[in-house]
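Trainee: Could you pick one part of this model and go through it closely with me, then work outwards to its surroundings? I'd like to know what "buried" is supposed to mean before we start.

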Amino acid sequence: MPPITLWLGIGGLAPFLVLAVALAAGTSLPLIGGDVAIRAALMAYAVAILSFLGGVRWGIAMGYSDDKLAVRDFIIAVIPAVVGWAATLLPATAGLWAMTLAFVLLGLMDYGLACRTVAPEWYGRLRLGLTAAVAAALGVAAMT
């Protein structure tokens, strides 16, 4: 695994963790505010990251020689952004649970890319670890 991917992945966890801890602690954050604003910031960040992860699948699909597989993965690639957007329309707790589920499902699907060797093996491991941390943070936020 290229070290930069691990460091960037860990860095990308920081907003999830900071926002979830702030919610669990019942504290406000400078420049963000209290519970409602923290939940909104967490959802906005989660949608951005979920959309980014869909884009990874799009990039992988561009390299397929099988057109049917490429079309399938191009379609799958746009679903995370739509699901993330739809989750923002739900009540806060339901939206956070929906995002938790979306991250887990996409993480498992991305692990499958590595298992099928269309993505590097390290990508599958990285996604599982980061997905577990993101799902835990979103779950904590949903329970507060």
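Mentor: Buried here means a relative accessible area under 20%, exposed means over 50%, and partly exposed covers what falls in between. Keep in mind that we're looking at a predicted model.

Let's park ourselves on D73, which is found in helix α3. Its relative accessibility is 0%, and because the cut-off for buried is under 20%, D73 counts as buried. So what does this aspartate have for company? Its side chain is joined to that of R57 by a polar contact of 3.3 Å. If you skip the neighbours within four places in sequence, the residues in contact with D73 are R57, A61, Y64, L113 and R116. R57 therefore turns up twice in the story of this buried residue, as a polar partner and as one of the contacts.

Now step along to the next residue, F74. It sits in helix α3 and pairs with W58 of helix α2, but let me set the scene for the rings. By the ring-pair rule there are four aromatic pairs. One of them is W58 with F74, a tilted pair with 4.7 Å between the centres and 50° between the planes. This pair links distant parts of the chain, since W58 belongs to helix α2 and F74 to helix α3, with 16 residues separating the two. How buried or exposed are these rings? W58 has 38% relative accessibility, so it counts as partly exposed, and F74, at 25%, also counts as partly exposed. Set that beside W122 and Y123, whose rings meet edge-to-face at 6.3 Å centre to centre and 85° between the planes. W122 is partly exposed because its relative accessible area is 23%, whereas Y123 comes in at 10% and so counts as buried. Ring pairs also tie F16, Y45 and F103 together as a cluster.

Helix α3 also takes us to a pocket. Together with α4, spanning 92-115, α3 (67-87) is a helix that supplies at least two residues of the lining of the second largest pocket. That pocket has a volume of about 180 Å³. Its walls are made by L50, I76, I79, P80, V83, A98, L101, A102, L105, L106 and M109. Class by class, the lining splits into eleven nonpolar, no polar and no charged residues. The biggest share, six residues, comes from α4.

What about the largest pocket? Its volume is about 390 Å³. There are 19 lining residues, and those nearest the centre are L8, G9, F52, L53 and L130. Three helices each give at least two residues to that lining: α1 (3-25), α2 (35-61) and α5 (121-143). With seven residues, α5 gives the most. The mix of classes is 14 nonpolar, four polar and one charged.

Helix α2 has come up for W58 and for the largest pocket, so let's visit another of its residues, I38. I38 has 0% relative accessibility, which means it counts as buried. Leaving out residues up to four places away in sequence, I38 touches L19, A22, L23, T27, S28, L29, I32 and G33. For a sense of distance, I38 and L69 are 31 residues apart along the chain, and their C-alpha atoms lie 39 Å from each other.

Last stop: the backbone at two loop positions. Most residues other than glycine have a negative phi. L31 isn't a glycine, yet its phi is positive, at about 70°. It lies in the loop between α1 and α2, and L31 counts as exposed because its relative accessible area is 92%. T117 is another non-glycine with a positive phi, here about 60°. You'll find T117 in the loop between α4 and α5. Its relative accessible area is 66%, so T117 is exposed too. Compare that with where we began: D73, at 0%, counts as buried.

Notes:
Residues numbered from 1 in each chain as written. Predicted model: local features only at pLDDT ≥ 70, side-chain atom pairs only at ≥ 80, totals over all residues. Heavy atoms only, no water. 1 Å grid on protein atoms, 1.4 Å probe; cavity = no way out; pocket = protein on both sides within 12 Å on 5 of 7 lines; lining within 4 Å. Points joined across faces, edges and corners; volume = space filled by probe spheres on them. Helix = DSSP H or I, 4+ residues; strand = E, 2+ residues; numbered from the N terminus. Nonpolar A, V, L, I, M, F, W, Y, C, P; charged D, E, K, R; others polar. Buried < 20%, exposed > 50% of the residue type's maximum accessible area, 1.4 Å probe, protein only. Polar contact = N/O pair within 3.5 Å; in protein donor to acceptor, adjacent residues only side chain to side chain. Contact = heavy atoms within 4.5 Å. Phe/Tyr/Trp six-rings, centres within 6.5 Å; stacked < 30°, edge-to-face > 60°.
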